[in-house]
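Subject: Structure handover

Hello,

Please find the structure below, with my notes after it. Read the notes with the structure open beside you.

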Amino acid sequence: MRSGAERRARAGRALVAGLPFAWLVAFFLAPFGLVAKISLSEKANARPPYRPAFAAGDGPGDVLDKLSALSLDNYRLLAEEPLYLDAVLTSLRLAATATVLALLIAYPVAYAMARAPGRLRPALLLLAMLPFWTSFLIRVYAWIGILKPEGLLNAALAWLGLIDTPLEILNTEWAVQIGLVYSYLPFMLLPLYAALERIDPTLLEAGQDLGAPPWKTFWLVTLPLSRPGVTAGCFLVFIPALGEFVIPDLLGGSETVMIGTVLWSEFFGNRDWPLASAVAVVLLVAVVAPMVLWRREEARRTEAPT
Amino acid sequence: MTPRLTAFNVVSLTLGFAFLYLPIVLLVVFSFNESKLVTVWGGFSTRWYAALLGNGPLLEAAWVSLRIGVLSATFATVLGTLAAVALVRFGRFAGRTLLTGMVYAPLVMPEVITGLSLLLLFVALDVDRGFWTVTLAHVSFSMCFVTVVVQSRLVTMDRSLEEAAMDLGATPLATFFQVTLPLIAPAVAAGWMLAFTLSLDDLVIASFTSGPGATTLPMRIYGQVRLGVSPEINAACTIMIGVVTLAILAFSIASKRGLAEPGRAEGA
C-alpha cells in the first residue's frame, strides 16, 4: 500500500517535470507543425495572408478537399528559382568558413588562457565571457563604423599609407564573414577553454620526460584531448551562423543573401507567409542533422567518466 | 611544472582579446565624440547622451524592453530551474529524452525559425500580438539557457545534504527550498541574469512576435541603424554595455566569495 506522502511526492515530481515539458511542447515543438502546415498552403490577400490548409471544424469531406488542394508550389519555387539555392549555398559556405576561422583564432587564445597562472585565469575567463553577455546587435553595429568606406579601418589604412582609395568592405561578403567570425568567437572560445583547462598537466610532463618535443606533445596529447571542446565549439558556431539574419542584413547589403535574410524579406517584405514558412522548413532540415550530431557528442562527453 | 606563458601565448592572448574588444572600445570612444562624423574626432562631448534624453521613442522602447526582460527572465528562471531539477534528480522518466532535446535545441536554433513558428502559433490562436506575446516568446527560449546553467551546478552539488534532510523527515518540497535552493542560488541568479540579457538583446524573435505599441529597444535601435551610424546610437549602446559590464563584475565578485570557499558554501 502506498502512503499519502509517497503519492504526494509522485504528484510533485510529475508537476516539476510536467510544467517545463508542457511549456516547451506548446511553445517550441508544436509551432513547427504550424510552420510545416502553412508552408503547404497558398498565399492570399487576407489577414492572415494565407489560405488555411486545415481548420479545426473540418468535416471528413472538407479534409479530403483540402488534401487535394495542398500544394508543394512553395517548395517547387524554392527549387527552381536560383536565388533561393544560392542563398542556401552562400549560407553553408559562410557558416563553414566562419567555423574554421573561429577555430583557428580561438584555439591559441583558449590554449594560452588554459596555460596562464591560476590566479590570472578567472580574470581571463571573465574577459572571454563579457562579449558573450554584450548585445549581439551592438557588436554587429560596431563593425559598420569600422568597415564602411569612410570608416575607421579605411582611415587607419590610408593613414599608414597602405591604400589610396578606400576599400569597399561593407556590403560585401567579406563584411559578413568578418561579422560572423567576430560575433560567434566567444561560442568557440569558451568550450575550447573548458576542454583545454581540464587536461591533466602530468600527461604533458610525461610526454616531455619521454623526450617528445613540444609540438609532438601538443599533437599527440593536447589536441586529441581537446577534441570535445573543438566539436562543441564548431557546432555552437556553425548551426546558429547558418540561419543568421542580423549580420548579413546589416553588414552584407543586398548582395549577400543568406537563408535567414530570405526568410525575413519574404515574411516582412513580400508578406508571403507560406513561402517564408517553406524557407523555414528548408533551414530546419539543414540544421537538424548537425544538431543531432552535436547532442550525441555532448551526451557521450557528459556520460563518459572524466 | 608550473604553468607559464610563452611569448607565443602572450601574443595570442593580446591579439585575441584585442580583436574581441577593439570594436566595442571604438564604439564607446566615439559615443563621446563632439563631431557627428564617426571617423573625425571633434573633441570630447556628452551631447549625444543629452540628445538621448530627448529621444522619446527610444526611451519608451527601453522601458518596454526592461519590463519584458524582468518578467520573462523571472518566468524563465522558474521553468528552467524546474526542468534542471527534473533532468538531474529524477533519473529516467517517460519523456526525459524529449525534454532534453527540447531544452538543448533552442540554444542553437536559428532565431528566424523560432520567431516565425511562434508568430504562426499566436496567429492560429488568434491572440493579439504585443507586450505579452514577446514576453511569452522570450520565456520559451531563455528558459533553456537557465536550465543549462542550473543543471551544471546541480550535477556537481553534494547530494548527501539533501538525503540527510529527507532522512530527518523533511518533505521533498521543504528539502528543495531549505537545502537545495540556497546551494544552487548563485547558478539560479546567473541564469536569471542570462535570461534577462538575452531578452534585452533579442531583435529577431521580438520582431516576429511583437505588435503595435510594443516596440522593444533592439527593434528601435535596428530601425535607426538601418539609416546609418549615428553617435546617438553609440551613446545608447555605451549605456547598455556599461550596465551589463557592471552587473557582471558585481555578480562575479559576489559569487567568487561564495565559490572561493566551497567548504563554507557546501558544508555549512
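**Membrane annotations in chain A**

Residues 12-34 of chain A are 100% helix and 0% strand, and the C-alpha atoms at the two ends of this span are 32 Å apart. Please keep in mind throughout that this is a predicted model. The span 12-34 is one of those that an unreviewed UniProt entry annotates as "transmembrane region" in chain A; the others in that record are 92-111, 123-144, 174-196, 217-242 and 273-294. Residues 92-111 of chain A are likewise 100% helix and 0% strand, with 28 Å between the end C-alpha atoms.

**Two helices within chain A**

Helix H4 (residues 82-115) of chain A packs against helix H8 (residues 173-198) of chain A at an angle of about 45°, and their axes are 7 Å apart. H4(A) and H8(A) are therefore oblique to each other. The crossing of H4(A) with H8(A) is right-handed. Sorted by class, the residues of this contact are 23 nonpolar, two polar and one charged.

**Annotations in chain B**

For chain B, the unreviewed UniProt entry gives "transmembrane region" at residues 7-32, 68-90, 102-125, 131-150, 171-194 and 233-254. Two of these spans can be described briefly:

- Residues 131-150 of chain B are 100% helix and 0% strand, and the end C-alpha atoms lie 28 Å apart.
- Residues 233-254 of chain B are also 100% helix and 0% strand, with end C-alpha atoms 32 Å apart.

UniProt also places "domain: ABC transmembrane type-1" (unreviewed entry) at residues 62-252 of chain B. Across residues 62-252 of chain B the chain is 82% helix and 0% strand, and the end C-alpha atoms are 25 Å apart.

**Where the chains meet**

How many residues does the contact take from chain A and from chain B? Chain A supplies 71 residues and chain B supplies 64 residues. On the side of chain A that touches chain B, helix H1 (residues 4-39) of chain A gives the most, with 18 residues. By class, that side of chain A has 57 nonpolar, eight polar and six charged residues.

One helix pair in this contact is worth following in the viewer. H1(A) packs with helix H3 (residues 56-89) of chain B at an angle of about 120°, and the axes are 8 Å apart. H1(A) and H3(B) are therefore oblique to each other. Is the crossing of H1(A) and H3(B) left-handed or right-handed? The crossing of H1(A) and H3(B) is left-handed. In H1(A), residues A:Val16, A:Ala17, A:Leu19, A:Pro20 and A:Trp23 meet B:Leu79, B:Leu82, B:Ala83, B:Val85 and B:Ala86 in H3(B). The contact of H1(A) with H3(B) has ten nonpolar residues, no polar and no charged ones.

**Confidence**

The model scores ipTM 0.87 and pTM 0.88. Chain B has a mean pLDDT of 87, and 93% of its residues reach 70 or more. Which elements of chain B have the lowest and the highest mean pLDDT? Helix H12 (residues 262-267) of chain B has the lowest, at 37, and helix H9 (residues 204-209) of chain B has the highest, at 95. Over residues 259-268 of chain B, pLDDT stays under 50, and the model has four contacts beyond four places in sequence for these residues. Where pLDDT is low, the predicted coordinates should not be read in detail.

Regards

Note on methods
Residues numbered from 1 in each chain as written. Chains lettered and ligands numbered in written order. Predicted model: local features only at pLDDT ≥ 70, side-chain atom pairs only at ≥ 80, totals over all residues. UniProt positions renumbered as here; feature names shortened; annotations may be inferred. Helix = DSSP H or I, 4+ residues; strand = E, 2+ residues; numbered from the N terminus. Contact = placed C-beta atoms within 7 Å. Nonpolar A, V, L, I, M, F, W, Y, C, P; charged D, E, K, R; others polar. Axes fitted to C-alpha atoms, helices over the stretch in contact; angles between N-to-C directions. Parallel < 35°, antiparallel > 145°, perpendicular 65-115°, else oblique. Left-handed = near helix turned anticlockwise from the far one by under 90°. pLDDT = per-residue confidence, 0-100.
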